[in-house]
2 protein chains.
Amino acid sequence: MEPHINQKSNLILNALPSQERERISTHLEYVELPLGKTLYNPEEPIRHAYFPLTGAVSIVTVLRDGSSVEAGVIGNEGVVGIPLVLGTEMELNRRAVVQIAGSGLKLKATTLNEEFRRGEQLHDLLLSYLHAFITQLSQTAACNRMHRLDERLARWLLACQDRLNSSELQLTQEFIAEMLGVRRAGVSVAAAQLQQRGLIKHKRGYIQIIDRAGLEATSCECYEVVRQEYQRLVENRAVTG
Amino acid sequence: MEPHINQKSNLILNALPSQERERISTHLEYVELPLGKTLYNPEEPIRHAYFPLTGAVSIVTVLRDGSSVEAGVIGNEGVVGIPLVLGTEMELNRRAVVQIAGSGLKLKATTLNEEFRRGEQLHDLLLSYLHAFITQLSQTAACNRMHRLDERLARWLLACQDRLNSSELQLTQEFIAEMLGVRRAGVSVAAAQLQQRGLIKHKRGYIQIIDRAGLEATSCECYEVVRQEYQRLVENRAVTG
DNA sequence: TCGGGTCTGTACGTTTTCAGACAAAATCCT
DNA sequence: AGGATTTTGTCTGAAAACGTACAGACCCGA
């Protein structure tokens, strides 16, 4: 159902042919990804790419008034630091921040670039992943405009759980509000509503998903569309690649 | 100020070294891009890439209820059909539709792919352009959530004018509403407000920009952020590349 | 165990946008 | 010129989310 759950490995690295993977492995360094850690900021050079093993990293657009809105999420199905292979080492408007604590493997910017430019399997896998990420971005752009908060919250919780091994999330409403680009009080109301319908249970700094099917029914279509695209482009390749 | 205005050439093709450009040129076919023409639909194979010379193409996310929201715009600074080089020949959730009538050069999907995979200059230029496009998507995602309609309308009109040789746009409020993901009546009110402040003049199916500086002041920051990124990544390369 | 900091639930009036509708104006076609 | 069609301006009441505020609940460290 959710193939990228419960795997303590990175799907992109996994899909590499053994020779390529072994060569790259010698450059990989294990890192913890604690909640809230910033992997890069707008206008700062990106020094490493991160291949998450567990947990999730949020890519958020930062506005001039300091507010921020999540544009996409990256878990073990992807990699943080795509700009490095696109020929630039920074982003003007985005921050990468750990949303669910976990761990990953990091690779120096220059090494990633060299490997990418060899034009072997990593090259194609990254581009394929990128397409799925772009689908996520464009779907989120529409979602932010058209869908109600409760639908978007349900979508967001589902996407979180996909990157998690359990149904329990350690997140404050304040953090969620910043991701969804709404008031904290708004999240409070929406969460209460989901709980009242028996879909989640929540207390201070904690949300547990009780009824996943129910959440999927409440969520806007965006969850499903994005999931489908990742499955088509990343997970299938990970098997056949 | 707006280097990609007033050039009847495509910046990506322009930036190619002469040998590469000549080789590719033999495969290019001139096409008109009439207002409203659909270049591809969700879940349909993309058969050609389009390098606009004049006019602009809108990439819109299509939702299940048939409504749509613009995710990004592509003019002579870019190319329509990026998925082709990312290893897939379709998009699940997006449509490409001509927003400002013009013309372009089209290239068969397979040819683009072959050229891309040679790993020469086209490869790098497309990826560089892609990064700027991603910046546009992520900025729009935040913009759709955080900014008021009048600010977004101003932003949108500016982006249109950048792809145009004149200050006059042939567009109905209905069309604009669909791009911005709002009601037609909302656009009517917002446009009246901009006109009352002397920034634009509009009548049936027509908008003229009167005070560009004023529009820039009214627009949200998103216009400027995206413009800057295109300048950094595409236009500078077009000169030095 | 007590106090300070953090997090949550809830309230208020306000702003923005919505849905739907209708008539006036502009344009097109014959 | 006349009628049909398209486009626009405006109206109504309603929904959603806003900014702000405050008190209660919870948690942690001294």
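**Briefing: a predicted model of two protein chains and two DNA strands**

Phe51(A) is buried, since 24 other C-beta atoms lie within 10 Å of its own, where 20 or more is the condition for that class. This residue belongs to a model that is predicted, and Phe51(A) sits in strand S3 (residues 48–62) of chain A. The points below go from the fold of chain A to two residues of strand S3, then to the contact between the chains, the DNA strands and a backbone feature in a loop.

**Overall fold of chain A**

- Chain A contains nine helices and eight strands, and its C-alpha atoms occupy a box of roughly 55 × 40 × 30 Å along the principal axes.
- The radius of gyration of chain A is 17 Å, which agrees with the value near 18 Å that a compact globule of 241 residues would have.
- Of the 241 residues in chain A, 52% are buried.
- Among contacts in chain A with a separation of 6 or more, 76% join residues that are 24 or more positions apart.

**Nonpolar core**

- The largest nonpolar core holds 160 residues, and the residues with the most contacts inside this core are Val79(A), Leu157(A), Val79(B) and Leu157(B).
- If residues up to four places away in sequence are not counted, Val79(B) touches Ile12(B), Ala49(B), Tyr50(B), Phe51(B), Ile74(B), Leu126(B) and Tyr129(B).

**Two residues of strand S3**

- With residues up to four places away in sequence set aside, Phe51(A) touches Asn10(A), Ile12(A), Leu13(A), Val79(A), Gly104(A) and Leu105(A).
- Phe51(A) and Leu153(A) are 102 residues apart in sequence, and their C-alpha atoms are 26 Å apart in space.
- Val60(A) is also placed in strand S3 of chain A, and Val60(A) counts as buried because 25 C-beta neighbours lie inside 10 Å.
- Leaving aside neighbours within four places in sequence, Val60(A) is in contact with Ser68(A), Val69(A), Glu70(A), Ala71(A), Arg94(A), Arg95(A), Val97(A) and Met179(A).
- Val60(A) and Leu180(A) lie 120 residues apart along the chain, while their C-alpha atoms are separated by 9.7 Å.

**Contact between chains A and B**

- On the protein side, 37 residues of chain A are in contact with 37 residues of chain B.
- Strand S4 (68–74), helix H4 (121–146) and helix H9 (222–240) of chain A are the elements that give two or more residues to the side of chain A that touches chain B.
- H4(A) provides the largest share of that side, namely 16 residues.
- Sorted by class, the side of chain A that touches chain B has 15 nonpolar, 15 polar and seven charged residues.

**Relation of the two copies**

- A turn of 180° with a shift of 0.0 Å along the axis lays chain A on chain B with an RMSD of 0.0 Å.
- The two copies are therefore related as by a two-fold rotation axis.
- In chain A, the C-alpha nearest the axis belongs to Ala141(A), at 1.9 Å from it.
- The same surface serves both copies, given that 100% of the contact residues of chain A recur in chain B.

**Surface near DNA strand C**

- Around DNA strand C there are 20 residues, of which Thr172(A), Gln173(A), Ala185(A), Ser188(A) and Leu149(B) come nearest.
- Helix H6 (173–180) and helix H7 (184–196) of chain A, together with helix H7 (184–196) of chain B, each supply at least two residues of this surface, and H7(A) gives the most, with six residues.
- The classes on the surface near DNA strand C are seven nonpolar, six polar and seven charged residues.

**Surface near DNA strand D**

- DNA strand D is surrounded by 18 residues, and the closest are Leu149(A), Val182(A), Thr172(B), Gln173(B) and Ala185(B).
- The elements that give two or more residues to the surface near DNA strand D are H7 of chain A together with helix H6 (173–180) and H7 of chain B.
- H7(B) contributes the largest share of the surface near DNA strand D, six residues, and the residues of this surface divide into seven nonpolar, five polar and six charged.

**A positive phi in a loop**

- Glu43(A) has a positive phi of about 65° although it is not a glycine, and Glu43(A) lies in the loop between strand S2 (38–40) and S3 of chain A.
- Glu43(A) counts as exposed because 11 C-beta neighbours lie inside 10 Å, the condition for that class being 12 or fewer.
- In chain B, Glu43(B) has a positive phi of about 65° without being a glycine, and Glu43(B) is exposed, with 11 other C-beta atoms within 10 Å.

Technical notes
Residues are numbered from 1 along each chain as its sequence is written. Chains are lettered from A and ligands numbered from 1 in the order in which they are written. This is a predicted model: local features need pLDDT of at least 70, side-chain atom pairs count only at pLDDT 80 or more; totals for chains, interfaces and linings use all residues. Helices (H or I, at least four residues) and strands (E, at least two) are DSSP runs, numbered from the N terminus. The radius of gyration is taken over C-alpha atoms; the globule rule is 2.2 Å times the number of residues to the power 0.38. Two residues are in contact if their C-beta atoms, placed from the backbone, lie within 7 Å. A nonpolar core is a set of buried Ala, Val, Leu, Ile, Met, Phe, Trp, Tyr and Cys residues joined through C-beta atoms within 7 Å. A residue is near a molecule or strand if its C-beta atom, placed from the backbone, lies within 6 Å of it. Ala, Val, Leu, Ile, Met, Phe, Trp, Tyr, Cys and Pro count as nonpolar, Asp, Glu, Lys and Arg as charged, and the others, Gly among them, as polar. Copies are superposed by least squares on the C-alpha atoms of residues with pLDDT of at least 70 in both.
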